[in-house]
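Got a minute to look at where the charged side chains sit in this protein? Here is a short tour for the bench.

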Amino acid sequence: SFDKGMRELGVSGGGSSSWETPRYSTFTLLPKIGWMLATFDKPKGALEFELEPFVSLVTKPETTYEIGSAIMMGYNFETGTKLVPFVHAGGGAIYSGLTTGGLSEVRGIRKMGPLSSSDEAKKLLANHLNAIAQMGFGVKYFFKEKTALDFEYRWRHISDPSTHDDLGIDSNFVLFGVSYFY
């Protein structure tokens with residue numbers, strides 16, 4: 001049972017892949033701290049504020065890195081069992097070492113002929129510093145009274161909201177982790 005003021009400490013890891021061309025894939029480590037802001041009877045559960053710093057190894061379209069942090073709001077649905085489904089959404093900032101260039105660079109390259117896959121990757125982001133928007137759902141399995149295994153699917157979008165010169169990156173994440181509640 002969740003109580004107002006309860007905290008969550010957790011860490012998750014997993015991978016992501018985009019469905020777009022060129023492919024964008026990562027392996028991510030994501031620590032988390034959460035605070036239960038309120039509890040409710042209908043539906044029974046708790047509203048949670050979450051802070052998630054992260055680091056990722058980007059494996060496609062080239063090997064590089066991501067670092068960033070997101071703020072999320074979520075809801076944990078108490079079922080009266082060891083399984084607690086949850087949903088959450090939020091956003092934040094990300095810095096990526098990905099080769100960038102944006103659409104203006106791609107348009108210039110296209111005038112010279114067909115794009116290679118490395119040149120096509122430059123259309124993804126116009127800048128190294130970008131915003132992320134994400135949402136996900138999953139389940140926590142409490143194998144001990146205050147400790148749970150987490151499984152989550154998450155959709156994430158990366159782009160620069162200050163420009164229309166990038167297409168952004170949409171990715172599917174699968175994350176596994178463990179959380180401790182106190």
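What follows covers the overall layout, the salt bridges, a buried aspartate, the cavity beside it and one lysine in strand 3.

**The layout**

Keep in mind that this is a predicted model. The protein chain has two helices and eight strands. Reading from the N terminus, the order is β-β-β-β-β-α-α-β-β-β, with both helices sitting between strand 5 and strand 6. Of the 182 residues in the protein chain, 45% are buried. Take the contacts between residues at least 6 apart in sequence: 63% of them join residues at least 24 apart.

**Salt bridges**

How many salt bridges does the structure hold? The count is seven. Three of them are set out here.

| Pair | Distance, N to O |
|---|---|
| Lys 140 and Glu 8 | 3.5 Å |
| Lys 140 and Glu 48 | 3.7 Å |
| Glu 152 and Arg 154 | 2.8 Å |

Lys 140 turns up in two of these rows, with Glu 8 as one partner and Glu 48 as the other. Start with the Glu 8 pairing, where the side chains meet at 3.5 Å. Lys 140 belongs to strand 6 (residues 129-144) and Glu 8 to strand 1, so this bridge ties together parts that are 132 residues apart in sequence. Both ends are tucked away: Lys 140 is buried with a relative accessible area of 1%, and Glu 8 is buried at 0%.

The second pairing, Lys 140 with Glu 48, has its side chains meeting at 3.7 Å. Glu 48 sits in strand 3, so here the bridge ties together parts that are 92 residues apart in sequence. These two residues are both buried as well.

Then there is the bridge between Glu 152 and Arg 154, at 2.8 Å. Glu 152 is buried, with a relative accessible area of 7%, and Arg 154 counts as buried at 2%. Elsewhere, salt bridges that share partners link Glu 8, Lys 32, Glu 48, Glu 50 and Lys 140 into one network.

**Asp 150, a buried charge without a bridge**

Asp 150 lies in strand 7 (residues 147-159). Which side chain of opposite charge is nearest to Asp 150? It's Lys 32, 5.2 Å away, and Asp 150 has no salt bridge despite being buried. The cut-off for a salt bridge is 4 Å, so a pair at that distance doesn't count. What Asp 150 does have is a polar contact from its side chain to the side chain of Ser 179, at 2.6 Å. Its touching neighbours, leaving out residues up to four places away in sequence, include Glu 8, Lys 140, Phe 176 and Ser 179.

**The cavity**

A search of the whole structure turns up two cavities of 30 Å³ or more. The largest has a volume of about 100 Å³. Its lining is made of 14 residues, and the ones nearest its centre are Ser 12, Lys 32, Glu 52, Asp 150 and Glu 152. Strand 1 (7-18), strand 2 (25-41), strand 5 (83-96), strand 7 and strand 8 (169-181) each supply at least two residues of that lining.

**Lys 44**

Last stop: Lys 44, found in strand 3 (residues 44-60). Is Lys 44 buried or partly exposed? It counts as partly exposed, because its relative accessibility is 42%. Lys 44 touches Tyr 75, Asn 76, Phe 77 and Glu 78, setting aside residues up to four places away in sequence. Its C-alpha atom is 9.7 Å from that of Phe 2, with 42 residues separating the two along the chain.

Methods. Residues are numbered from 1 along each chain as its sequence is written. This is a predicted model: local features need pLDDT of at least 70, side-chain atom pairs count only at pLDDT 80 or more; totals for chains, interfaces and linings use all residues. Side-chain values use heavy atoms; hydrogens and water are left out. Helices (H or I, at least four residues) and strands (E, at least two) are DSSP runs, numbered from the N terminus. Buried means under 20% relative accessible area, exposed over 50%, partly exposed in between (1.4 Å probe, protein chains only). Lys and Arg count as positive and Asp and Glu as negative; His and the chain ends are not counted. A polar contact is a pair of N or O atoms within 3.5 Å; within protein, one must be able to donate a hydrogen and the other to accept it, and residues adjacent in sequence count only if both atoms are side-chain atoms. Contact means heavy atoms within 4.5 Å. On a 1 Å grid over the protein atoms alone, a cavity is a set of points where a 1.4 Å probe fits but cannot get out, and a pocket is an open set with protein on both sides within 12 Å along at least five of seven lines; lining residues have an atom within 4 Å of a point. Grid points are joined across faces, edges and corners, and a volume is the space filled by probe spheres set on the points.
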